[in-house]
Amino acid sequence: MYAVFEDEVPYIEEFANRTGHEIVQETDYLSEKNVDLAAGFDAVVTQQTVNIPDMVYSRLAELGIRQISIRQVGYDILNIDAIHKAGLRASNVAAYSPRAIAEYTLTQLLNLIRNNKRYYQATESGNWLWSAAPQGKEIHDLTVAVIGAGRIGSALAEMLHVLGAKVLAVDPVYHAQNEAFLDYTNLDDALKRADVITFHTPLNKQTNGMADKDFFQKVKKNAYILNFARGGIIQTSALLENLRSGKLAGAALDVLPNGTEFMGKIQNPDKLPADVQELMSRDNVLLSPHVAFYTNLAVKNMVEIALNDAIALSQGKHIENEILY
Ligand code: NAD
């Protein structure tokens with residue numbers, strides 16, 4: 001298992017004890033430099049943001065390995081054609097815990113509508129007045145548009161419905177069972193009616209830069225925008241323009257288009273890109289470092305599902321998470 005983080009170790013050891021498989025851990029990510037460490041093993045697993053070079057797949061095949069399994073949802077780090085050419089099979093973990101991301105989105109949404117950043121900042125500087133922030137809002141009184149009602153979006157929609165919010169969904173794929181807690185509509189109608197807009201789509205041709213100047217023109221005054229999916233969906237310049245003008249009441253972002261430049265590292269705030277510094281300086285913007293997934297259950301599931309799938313693939317079995325060509 002490559003690219004092992006400290007907090008994965010207990011789950012790896014537990015899995016090894018329970019199943020009797022020997023799992024050898026390597027902290028570095030899988031690359032041409034360390035692929036030979038896999039010699040003598042039956043299966044490999046990794047989790048990384050760095051692309052896996054093509055020679056790694058052919059080398060794994062030479063070592064007698066039949067698969068490559070990753071512990072994450074996004075598999076843009078893999079070259080599926082090269083994997084196929086090398087005769088390997090591949091798997092990701094398509095759903096380690098949609099609720100982890102949904103719950104964190106809900107947490108930040110409630111923080112936004114109660115102006116918590118302002119109150120934290122005010123009380124820390126000695127201001128204990130109610131008027132340190134405007135009046136809060138109550139979730140059951142709001143209409144929320146969920147853009148992308150897949151695993152995460154529908155988990156969030158269900159939570160919001162239980163809390164009494166009106167939930168609208170925009171998604172080209174219709175799931176009849178979701179009608180119990182949301183109303184499907186089109187994008188223009190959702191933007192016209194929603195007090196809160198939250199993105200849960202993949203980054204693709206249609207969603208890349210989707211929240212642009214025109215998009216924000218269609219949004220209601222005082223709407224809140226949340227992005228817990230992929231940074232590229234929102235154009236930061238258009239978002240900032242609408243925050244500056246006061247059209248938007250606030251935003252919560254777990255991902256940013258230029259996030260890979262600075263996320264996952266210790267940063268000097270003054271050296272961050274200017275647009276990120278401006279977002280940070282706003283008391284109605286909540287930022288987080290792509291942590292919506294980061295819970296005990298999600299990490300446990302990522303480890304266990306990926307290991308289980310790696311073993312099954314190495315034994316030539318069928319699995320749901322196989323990435324098909
Ligand atoms: P999913 O595939 O189950 O759902 C995505 C939904 O978006 C699908 O129903 C799809 O039909 C819909 N969709 C696609 N294009 C659309 C469009 N143009 N307009 C509206 N809807 C559209 O995926 P999921 O597991 O719910 O994940 C959603 C996103 O969350 C992914 O981009 C994923 O990378 C991201 N994510 C973020 C974190 C985090 O920690 N912040 C963790 C995991 C996943």
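**Close-up views of a predicted model**

**View 1. Two neighbouring strands at the middle of a view into the seven-stranded sheet.** Alanine 145 stands opposite isoleucine 197 in β7. This is a predicted model, in which local features need pLDDT of at least 70 and side-chain atom pairs count only at pLDDT 80 or more, while totals for chains, interfaces and linings use all residues. Residues are numbered from 1 along each chain as its sequence is written, and side-chain values use heavy atoms, with hydrogens and water left out. Strand β4 (residues 143-147) pairs with strand β7 (residues 196-199) in the parallel sense, over four bridges; strands are DSSP runs of E with at least two residues, and helices are runs of H or I with at least four, both numbered from the N terminus. Two strands count as paired if DSSP finds at least two bridges between them. The open sheet has the order β6-β5-β4-β7-β8-β9-β10, with parallel pairing. At its edges stand β6 (183-184) and β10 (285-287), each with a single partner strand, so one side of each has no neighbour in the sheet.

**View 2. The open sheet of three strands.** The strands follow the order β1-β2-β3 and pair in parallel. The edge strands, β1 (45-46) and β3 (89-91), each pair on one side only. Strand β2 (residues 67-70) runs parallel to β3 and is joined to it by three bridges, and isoleucine 68 stands opposite alanine 90 in β3.

**View 3. The ligand and the residues around it.** Of the 25 residues around the ligand (each with a heavy atom within 4 Å of it), Arg151, Ile152, Asp171, Thr201 and Asp254 come nearest. The shell divides into 13 nonpolar, eight polar and four charged residues, where Ala, Val, Leu, Ile, Met, Phe, Trp, Tyr, Cys and Pro count as nonpolar, Asp, Glu, Lys and Arg as charged, and the others, Gly among them, as polar. Polar contacts here are pairs of N or O atoms within 3.5 Å. A nitrogen atom of the ligand lies 3.5 Å from a polar side-chain atom of asparagine 204, and a backbone N or O atom of phenylalanine 228 lies 3.1 Å from a nitrogen atom of the ligand. A polar backbone atom of phenylalanine 293 is 3.2 Å from an oxygen atom of the ligand. Taken alone the ligand exposes 870 Å², of which the protein buries 85%, with accessible areas computed by the Shrake-Rupley method with a 1.4 Å probe.

Methods:
Polar contact = N/O pair within 3.5 Å; in protein donor to acceptor, adjacent residues only side chain to side chain.
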